[in-house]
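User: I should like to learn how to read the features of a protein model. Could you guide me through one, beginning with how strands are paired?

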Amino acid sequence: KIVGPVRVELEVSDGLRIRAGLLTDVRDIRKLMNARRRALEANDAEAMRTLLHPSYRDGASTRDEAIERLAKDLAGRKIRVTPSLYRVELRGPTTHVDEHYTIAIDDLPVRPAIARFTLDRAAGRWKIVAGMYPPE
């Protein structure tokens with residue numbers, strides 16, 4: 001589900017075409033979230049680093065601190081993430097994504113949860129700017 005204002009351009013050539021960039025954003029956000037899931041399931045904190053925005057922050061945690069914590073949390077664990085719904089809210093240059101998911105850690109299921117991420121663009125691609133370890 002996606003909500004938010006979207007700029008739509010109508011182009012006349014051999015009929016009427018709609019150009020908005022929305023499908024590209026949807027594909028890029030979906031690709032980002034799938035890459036996040038694969039990195040978690042592979043216990044690959046360094047792969048996660050490439051998904052984080054250069055100015056990533058969660059409270060007092062920086063990008064490097066979040067990756068260091070993630071590496072410790074993933075060490076020796078078998079992780080399986082099963083997303084069931086994504087809610088994307090476009091807010092101009094920033095986007096918020098709520099990922100509804102279930103997770104199994106070492107084959108033990110954990111009750112369903114929602115991860116909340118803030119995304120922003122870096123080098124033309126969506127990156128996670130906050131949300132991996134939000135303040136409690």
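Analyst: Two strands count as paired if DSSP finds at least two bridges between them. The structure shown is a predicted model. Here β7 and β8 are paired in the antiparallel sense, over 10 bridges.

User: Which residue of β8 stands opposite Glu99?

Analyst: Glu99 stands opposite Ala115 in β8. As general background, side chains in a regular strand alternate between the two faces of the sheet.

User: How many residues lie between β7 and β8 in their hairpin?

Analyst: Two residues lie between β7 and β8. Asp106, in this turn, has a positive phi of about 55 degrees. Asp107 lies in the loop between β7 and β8, and its phi is near 65 degrees, a positive value in a residue other than glycine.

User: Is Asp107 buried or exposed?

Analyst: The cut-off for exposed is over 50% relative accessible area. Asp107 has 54%, so this residue is exposed.

User: Which strand pairs with β8 besides β7, and how many bridges join the two?

Analyst: Strand β8, residues 108-122, is joined to strand β9, residues 125-130, by five bridges, and the two run antiparallel. Within this pair, Asp120 has Lys127 of β9 as its bridge partner, while Arg121 is bridged to Trp126 of β9. The hairpin of β8 and β9 has two residues between the strands, and Ala123 takes a positive phi near 55 degrees there.

User: Where does Asn43 lie, and what is its phi?

Analyst: Asn43 is found in the loop between α1 and α2. Its phi is positive, about 55 degrees, although Asn43 is not a glycine. Asn43 is partly exposed, because its relative accessible area of 30% falls between the limits of 20% and 50%.

User: How should I read the overall order of helices and strands?

Analyst: One reads the elements in sequence order. The protein has three helices and nine strands, and they follow the pattern β-β-β-α-α-β-β-α-β-β-β-β along the sequence.

User: What share of the contacts links residues 24 or more positions apart in sequence?

Analyst: A contact is counted when heavy atoms lie within 4.5 Å. Of the contacts in this protein with a separation of 6 or more, 51% are between residues 24 or more positions apart.

User: Which residues have the most contacts inside the largest nonpolar core?

Analyst: In soluble globular proteins, nonpolar side chains tend to be buried together. In this model, the largest nonpolar core has 29 residues, and those with the most contacts inside it are Met48, Leu70, Leu119, Ile128 and Met132. The elements giving two or more residues to this core are α1, α2, α3, β6, β7, β8 and β9. Helix α1 gives the most, with six residues.

User: Which residues does Leu119 touch?

Analyst: Residues up to four places away in sequence are not counted. Beyond these, Leu119 touches a list of residues that includes Ile29, Leu32, Val97, Trp126 and Ile128.

User: Is Leu32 buried or exposed, and which residues does it touch?

Analyst: Leu32 lies in helix α1. Buried means under 20% relative accessible area, so Leu32 counts as buried at 6%. Apart from residues up to four places away in sequence, Leu32 touches Leu51, Leu119, Trp126, Lys127 and Ile128. Leu32 and Met48 are 16 residues apart in sequence, with a C-alpha to C-alpha distance of 10.0 Å.

User: Is Asp28 buried or exposed?

Analyst: Asp28, which also lies in helix α1, has a relative accessible area of 14% and is therefore buried. Leaving aside neighbours within four places in sequence, Asp28 is in contact with Arg125 and Trp126.

User: Which residues make the nonpolar patch on the surface?

Analyst: Leu10, Val12 and Leu16 make a nonpolar surface patch of about 360 Å². Leu16 lies in strand β3, residues 16-19, and is exposed, with a relative accessible area of 58%.

User: What are the totals for burial and for accessible surface?

Analyst: Buried residues make up 32% of the 136 residues in the protein. The accessible surface comes to about 8700 Å², of which 53% belongs to carbon and sulfur atoms.

Terms used. Residues are numbered from 1 along each chain as its sequence is written. This is a predicted model: local features need pLDDT of at least 70, side-chain atom pairs count only at pLDDT 80 or more; totals for chains, interfaces and linings use all residues. Side-chain values use heavy atoms; hydrogens and water are left out. Helices (H or I, at least four residues) and strands (E, at least two) are DSSP runs, numbered from the N terminus. Buried means under 20% relative accessible area, exposed over 50%, partly exposed in between (1.4 Å probe, protein chains only). Patches are made of residues with over 30% relative accessible area and no salt bridge: like charges are joined within 9 Å, nonpolar side chains (Val, Leu, Ile, Met, Phe, Trp, Tyr) within 5 Å. Accessible areas come from the Shrake-Rupley method with a 1.4 Å probe; for residues, only the protein chains shown count as cover. A salt bridge is a side-chain nitrogen of Lys or Arg within 4 Å of a carboxyl oxygen of Asp or Glu. A nonpolar core is a set of buried Ala, Val, Leu, Ile, Met, Phe, Trp, Tyr and Cys residues joined through side-chain atoms within 4.5 Å.
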